[in-house]
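This briefing covers selected residues and pockets. Please consult the sequence and structure shown here.

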Amino acid sequence: MTHSTSDRTADQPVTPGESEGIDPTVLDELTRLRDSIDNIDAAVVHMLAERFKCTQQVGHLKAAHRLPPADPAREARQITRLRQLAESAKLDPGFAEKLLNFIIAEVIRHHETIARSDTGSQRALR
């Protein structure tokens, strides 16, 4: 099956057959842009990993003090804040909200798991 350029993702190189008839300067620019996308994706993954390290610590603290895994008031503030950041960054606020809701759901799942773990709760106090 052949793919048009618009069907590609950033991690798929331009194949020799696909590059036929395309100006080499366009291919160079496409490669440069895809390399940038790959670097940004790597940065996003690393930033998410750092975020989850912090939220794991929050989960242990909440468990140790028997606080609920979810904090709807904070979540609402975060969504409002992220929507404003998205608007100022010229990013669709609806997309930003969906992304944050996905992340929040994962964080709550982690916090629930930590809260069920007796050893996790006790370790946070020591």
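Contact means heavy atoms within 4.5 Å. The model is predicted, so local features need pLDDT of at least 70 and side-chain atom pairs count only at pLDDT 80 or more, while totals for chains, interfaces and linings use all residues. Residues are numbered from 1 along each chain as its sequence is written, and side-chain values use heavy atoms, with hydrogens and water left out.

**Residues of helix H1**

- Thr55 lies in helix H1 (residues 24-64); helices are DSSP runs of H or I with at least four residues, numbered from the N terminus.
- Thr55 is buried, at 12% relative accessible area, where buried means under 20% and exposed over 50% (1.4 Å probe, protein chains only).
- Beyond its neighbours within four places in sequence, Thr55 contacts Val107 and His111.
- Leu61 also belongs to helix H1 and is exposed, with 53% relative accessibility.
- A distance of 9.6 Å separates the C-alpha atoms of Leu61 and His111, which are 50 residues apart along the chain.

**Pockets**

- A pocket is an open set of points on a 1 Å grid over the protein atoms alone, where a 1.4 Å probe fits, with protein on both sides within 12 Å along at least five of seven lines; lining residues have an atom within 4 Å of a point.
- The second largest pocket has a volume (the space filled by probe spheres set on the points) of about 330 Å³.
- Among its 14 lining residues, Arg51, Thr55, Arg74, Val107 and His111 are the closest to the centre of the second largest pocket.

Definitions and conventions: Helix = DSSP H or I, 4+ residues; strand = E, 2+ residues; numbered from the N terminus.
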